[in-house]
Amino acid sequence: MSTDEPLSGNPSSRTGQNDARTTRPMPVAGEAGADGSIASLSNGRYQLVERIGAGSIGQVWRAQDTTLQREVAIKTINLATSADPSTEARFRREAIATAGLNHPSIVQIYDSGVDGHSAYIVMEFLHGPNLQSIVTERGPIDWRAAVPLLAQVAAGLGSAHRLGVVHRDVKPANVVLSSEELTSTPKLVDFGIARLADQQATALTSTFGCLMMTVLTGQPPFPGESPVAVARAQVYDTPPLLRSRVPDAPVSLENLVAALMDKSPEARPSATETVAALNAIHGDPDAPGLIEPPRPAGPGTDMATVAMSAAALGAA
């Protein structure tokens with residue numbers, strides 16, 4: 001579960017604001033208490049045990065819910081060190097929007113709140129690795145195993161779209177398996193939420209095609225030296241064909257990946273169409289695909305994808 005801003009040290013009030021919150025130290029990895037926990041939230045209900053992830057705007061912890069006696073994951077951000085006064089509102093918006101989603105391939109949200117200067121989201125703890133770590137450590141996932149897994153991810157995205165929510169940070173690191181088994185349920189995590197202006201606009205962003213290419217080949221389709229360079233390449237450069245990297249992949253799968261990276265958002269398959277296409281490939285890889293390959297076209301103008309890609313890659 002990726003995050004966006006580092007948390008460490010003791011908080012202080014934000015400049016120019018009268019902050020009435022109780023000041024308490026932010027948890028620091030490795031500083032465990034007498035009970036083996038690092039720190040607690042919500043009047044001791046949640047005991048932080050181990051930091052399992054960190055990014056530019058927060059941290060993710062393995063924790064214990066002492067009330068319900070279960071293991072949970074908790075994402076925290078330090079409001080005191082954020083220069084953006086809207087951070088708390090955006091964090092709360094993420095929690096509310098994600099909590100409203102009910103799908104096997106979307107992480108469950110249990111609770112959220114603010115404790116001192118720590119805003120937090122409590123969610124189900126996933127015992128498996130994320131897809132990026134699998135690709136990094138083991139190499140690309142064989143298409144035969146990846147196809148049913150990716151169909152579940154697309155179904156989760158489609159479920160969110162039907163409620164008017166789009167995941168703004170679709171990437172392999174934000175798909176986590178529920179267990180160590182590759183056949184376990186993949187879960188979308190870390191929604192950087194944006195509401196869809198038109199709930200009928202259900203086409204997947206090209207970042208899902210990029211995710212598929214990365215998982216299937218072990219490499220992103222558009223390498224670059226910076227997030228902006230990669231985002232620009234997604235709009236202006238022609239992506240490689242899947243079978244140029246994975247020769248034994250079905251033509252139908254190559255066509256689907258290419259269609260998902262079409263420069264025109266209107267030409268991309270919807271989540272529902274993508275799920276159907278992936279299920280058809282899983283059932284009969286040699287059958288004609290449900291998705292036609294995209295027509296050659298010039299640079300696209302999908303500025304939403306540019307913005308999402310730059311933000312997502314910047315947080316990676």
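Let's start with the sheet, and with the reminder that this is a predicted model. Six strands form an open sheet, and they run in the order E1-E2-E3-E4-E6-E5 with antiparallel pairing. The edges are strand E1, residues 39–41, and strand E5, residues 109–115, each of which pairs on one side only. From one strand to the next, the twist averages 35°.

If you look at the E1 edge, E1 pairs with strand E2, residues 46–54, in the antiparallel sense over 3 bridges. To find your way there, look for Leu41, which stands opposite Tyr46 in E2.

Staying with the sheet, let me turn to salt bridges. How many does a search of the whole structure find? The search gives 9. I'll walk you through some of them.

Arg62 forms one with Glu50, and their closest N and O atoms are 3.1 Å apart. Arg62 sits in strand E3, residues 59–65, and Glu50 in strand E2, so this pair ties together parts 12 residues apart in sequence. Is Arg62 buried or exposed? Neither, in fact: Arg62 is partly exposed, with a relative accessible area of 24%. Glu50 is partly exposed as well, at 38%.

Now for a pair with another setting. The side chains of Lys75 and Asp190 meet in a salt bridge at 2.4 Å, N to O. This one links distant parts of the chain: Lys75 is in strand E4, residues 70–78, while Asp190 is in the loop between strand E9 (186–188) and strand E10 (193–195), 115 residues apart. Both Lys75 and Asp190 are buried.

The next one takes us over to the helices. Arg144 and Asp248 meet through their side chains in a salt bridge of 3.2 Å, N to O. Arg144 belongs to helix H3, residues 143–162, and Asp248 to the loop between H5 and H6, so the pair ties together parts 104 residues apart in sequence. With 43% relative accessibility, Arg144 counts as partly exposed, and Asp248 is partly exposed with a relative accessible area of 43%. Before we leave salt bridges, one more thing about Arg62: bridges that share partners join Glu50, Arg62 and Glu71 into one network.

Let's stay in that loop between helix H5 (227–236) and H6 for a moment, as Pro250 has its place there too. Pro250 has 7% relative accessibility, and therefore counts as buried. What does Pro250 touch, leaving aside residues up to four places away in sequence? The answer is Trp143, Arg243, Ile281 and Pro285. You can also check Asp284: its C-alpha atom is separated from that of Pro250 by 9.7 Å, and the two residues are 34 apart along the chain.

That brings us to H6 itself, and how it packs. Two packed helices are described by the angle between their axes and the distance between the axes. The axes of helix H4, residues 206–217, and helix H6, residues 251–260, come within 7 Å and cross at roughly 140°. H4 and H6 are therefore oblique to each other. On the H4 side, the contact is made by Ser206, Phe208, Gly209, Met212, Met213 and Leu216, and on the H6 side by Leu253, Leu256, Val257 and Leu260. Of the residues in this contact, 8 are nonpolar, 2 are polar and none is charged.

That's my tour, so over to you for questions!

Notes:
Residues are numbered from 1 along each chain as its sequence is written. This is a predicted model: local features need pLDDT of at least 70, side-chain atom pairs count only at pLDDT 80 or more; totals for chains, interfaces and linings use all residues. Side-chain values use heavy atoms; hydrogens and water are left out. Axes are lines fitted to C-alpha atoms, for helices over the stretch in contact, and angles run from 0 to 180 degrees between N-to-C directions. Helices (H or I, at least four residues) and strands (E, at least two) are DSSP runs, numbered from the N terminus. Angles under 35 degrees count as roughly parallel, over 145 as roughly antiparallel, 65 to 115 as roughly perpendicular and the rest as oblique. Contact means heavy atoms within 4.5 Å. Ala, Val, Leu, Ile, Met, Phe, Trp, Tyr, Cys and Pro count as nonpolar, Asp, Glu, Lys and Arg as charged, and the others, Gly among them, as polar. Two strands pair if DSSP finds at least two bridges between them. Buried means under 20% relative accessible area, exposed over 50%, partly exposed in between (1.4 Å probe, protein chains only). A salt bridge is a side-chain nitrogen of Lys or Arg within 4 Å of a carboxyl oxygen of Asp or Glu.
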